[in-house]
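Open the model in your viewer and keep the selection panel at hand. The stops below go from the whole chain to one sheet and then to one core.

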Amino acid sequence: MRIQSWCRFGPNTLELARRVGVIGWLALLMHSFPVAVWAAAGDLDCTFDSDGTKVQDVGGQDAAHDTGQQSSGNIVTVGSGSGNVRLTRYLPNGDLDATFGTSGTIAHAFTGVGFVGAMAIDSQDRIVVAGRTTVGGDDEVFVARFLPGGAVDTNFGGGDGWVSFDFDTSTASTGIELASDVAVDSSDRPVVGGTFDDNGSIINPSNSDMAVARLTTAGVLDTTFDGDGIGTATSAGSVDDDVRAMKIDGSGNIVAVGATGSLQATRNAIVARWLGSGVNAGQLDSSFDSDGVRILDLSEGAGDDNFAVDLDFTSTDQIVVVGNRLSDPVLARMSSSGMLDPGFRSDGIFVEEFVTGGQDVVEHVIVQSDDKVLVTGWPFIVANNFDFAAMRFLTNGNLDSTWSGDGRVTTNLGSADRAYAALLQADNRLVLAGGFANDVDMALARYLNDGSLVTTTTMSITDDSPDPSVQGAAFGVDVSVTADSGSAAPTGDVQVGDGVDSTTCSLTAGAGTTSSSTCNLALSTAGLRTLTAVYLGDGNQFCSSSDTESHNVNLPNTNTPTATPTNTPTSTPTNTPTPTNTPTSTPTNTPTPTPTNTPTNTPTPTPTNTPTSTPTATPTATPTATPTSTPTLTPTPTPTSTDTPEPDSDGDGILDPVEGSTDRDGDGIPNQLDFDPTGYFYDEDNGRILTGGRISVSGPAPVQLLHDGVGGFYQFTGDVPGVYSIVIEQVPVGYSASVTCLPQDPPPLNPSGQANPVVLGNGENAGSGFLSAGGPFGPPETCTAFYRSFDLEAGDPIVINNNLPFRVPRAPAVAPPLSGMAMFAALAMLGFVGAMGLLRRGREQDSARRRPNRSLGAQRDR
């Protein structure tokens, strides 16, 4: 029986029907034999993990925050969490690369490392990553380099593979600095773009500035770049300027984009360009908007909050910028001098949504070699669900109908799919990477592009002899794979197995479009089995396919088990000379029949009779001893583990056996020194948990920030007594700090002597995404007590639900009294607005690229 693999037509069905005509389309549908894939740009690529998508659990929070491609065609992703930098590598066909780390992934631990979400691959296939780290209580830029196989590159950063530094030396020990993007120039020198704030913990505004730094290939700041390796940029006034993306243009100049303005007011996009070569390398390029910095109002004067999140360059070094205008994607194209291009949708700026009427989170823009523009992200589709998405635009800015039929494509991988990263492969196929199910697993999708040729295949098991085979003995499975179109024969590997045992063999190309191989397989399970042969595809042209075949497996030869008892009776017949003396009384039978019957009958009657008595004694002793000891041991642990009580000593909802007796929450801090304050970001009007915010914490010693708030929840620990202070680095998008719910400090909260835990507010209600008291319909969180500083010491109880309130900025208004009918309508509208609030809930990108929206539960991982 043959099972044909098909690549999905997806949203291109109507477009395909238009191309081949109605009759041709009907004929195509009615074919019972395999045909070539009618693939179009924007279709999922069935050569990638058989259906174009890949969801992978590689351990912990698995989301990919950036991705790149090595010269081999392998795809590398980077993520971070719990002090680790995680690298994962996939083969071109979507399989994890078993030669890379442990089953395709490597987690490198770096002391103090925070979020690492930017990656670049140099000409030697080395992997460069960037983010932030904490050194002696100071937030610094973090850059690390790894060898092509994922090992730390000891030739970088003084021998340990990484380096950290301040963009501005005046911020040492007090400032906030981080890298949000990284690239490598034509000399393989890492170039890092990011943000620094020399006002320390002061926010709104913090007067942060843009910065870029260039390192040598050895990992030290390059003094040929503006004298100290660092170039900076700022806009006029005391406002926040940040870097959210950075790239190197065709002339070697460095361009960065981000936001400028205060979180308390309307922001605009900012674009800056630094020279990359010559005596003025590292200085702002005065040929760009006269001073190297361009403030770009992506709302076109409408007064809407807007900012830039990514950029890329056309073949003529025009700058294409993508960002957000409120909750919609917005694009702009500028000349190399910084002027808006009127040839791009009439005035150089326009808004285009992934999904009409929803909240669209835009992440990246990629300009193809033909200057068509790809925009990627993840729109809000229905409640609690996001999808991977991409749009493509023609050079004039109009949507390209040859991309997925209407210029847009969305892909639902299952639940809460967020495409944080995007990569245009060398063959122009588009790879999106991110998280699945609130970043519990890593997710990828690959899309075909113009000229992508894919071919379906037919897999056949042509022979599986001998059939039946013998349990544990190898036999050959002959397979063939035929391409259903084209002139080439498939290449790659075939896996054959019965669901218990399997083997892999490589195809050998034959004449025409057929390849074949023989896979040697041994099955450990007797009986009727089903063999399945799967062609894995080649990751480029040939799609996967499979075939099945029934196969019988016999137990080993019955003489073989007889040999085991034969050894026992063999010693028994040795003693049989005693009965041999019995027939001695019959001399007639002894000389002739006995020798004659001995060789003939001994193998049959002797083992038959002898084992009758001998095995009787043997099994009697064997089972008596074996079951006696085995059941005695087995039931003992079972009731023990079942009846063991599971206390919760600190009342945090996590059982002591899970937390451990000496370090209950597993954070490396002894219980008597574990302070552990936690809390949520929330909307003061309705108790909704808000994502996208971010905190940092300062104290008398380095702080372990277990959750920084980007997923709506924060948690930190310290191990030295003293005062610890929370600093709000990023406010959730669309919100500002509360002006009615105010903190209780000064003085700082001192939890000494209070009940454990100290509960200040409400936790999440039954996984609803809201903070409320009581049952699922309890009153929402509104202005409960909270603190920004804590006086902590050894033996203090933990502090939970120190919730931070925010509000949607609004102008005061006076409303007339409502009639009964109007009140009913208003309540109905409030319900609608509440639902729409979900659509506008998206995360604000922090300066280190958007972070994962972690799944929130009634009790958080500690």
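The tour starts with the whole protein and then moves to smaller selections.

**Whole protein.** Select everything; this is a predicted model. The protein has 862 residues, of which 50% count as buried. Colour by secondary structure to find eight helices and 50 strands. With the surface switched on, the accessible area comes to about 35,600 Å², and carbon and sulfur atoms hold 57% of that area. Among contacts between residues at least 6 apart in sequence, 60% join residues at least 24 apart.

**A four-stranded sheet.** Next, select residues 306–313 and 349–351, which are strands S20 and S23, the edge strands of an open sheet. The order across this sheet is S20-S21-S22-S23, and the pairing is antiparallel. On average, neighbouring strands here are turned by 20° against each other, direction ignored.

Now add residues 319–325 (strand S21) and 328–334 (strand S22), an antiparallel pair with seven bridges. Show Ile-319 as sticks: opposite Ile-319, in S22, stands Met-334.

**The largest nonpolar core.** Which residues touch the most other members of this core? Select Phe-716, Phe-790 and Phe-806, which do so in a core of 23 residues. Strands giving two or more residues to this core include S42 (694–698), S44 (713–717) and S48 (789–792). Strand S45 gives the most, with three residues.

**Around Phe-806.** Finally, centre the view on Phe-806. Beyond its neighbours within four places in sequence, Phe-806 has contacts that include Phe-681, Tyr-682, Leu-690, Ile-728, Pro-732 and Tyr-735. Asp-683 and Glu-684 are also among the residues in contact with Phe-806.

Key:
Residues are numbered from 1 along each chain as its sequence is written. This is a predicted model: local features need pLDDT of at least 70, side-chain atom pairs count only at pLDDT 80 or more; totals for chains, interfaces and linings use all residues. Side-chain values use heavy atoms; hydrogens and water are left out. Two strands pair if DSSP finds at least two bridges between them. Axes are lines fitted to C-alpha atoms, for helices over the stretch in contact, and angles run from 0 to 180 degrees between N-to-C directions. Buried means under 20% relative accessible area, exposed over 50%, partly exposed in between (1.4 Å probe, protein chains only). Contact means heavy atoms within 4.5 Å. Accessible areas come from the Shrake-Rupley method with a 1.4 Å probe; for residues, only the protein chains shown count as cover. A nonpolar core is a set of buried Ala, Val, Leu, Ile, Met, Phe, Trp, Tyr and Cys residues joined through side-chain atoms within 4.5 Å.
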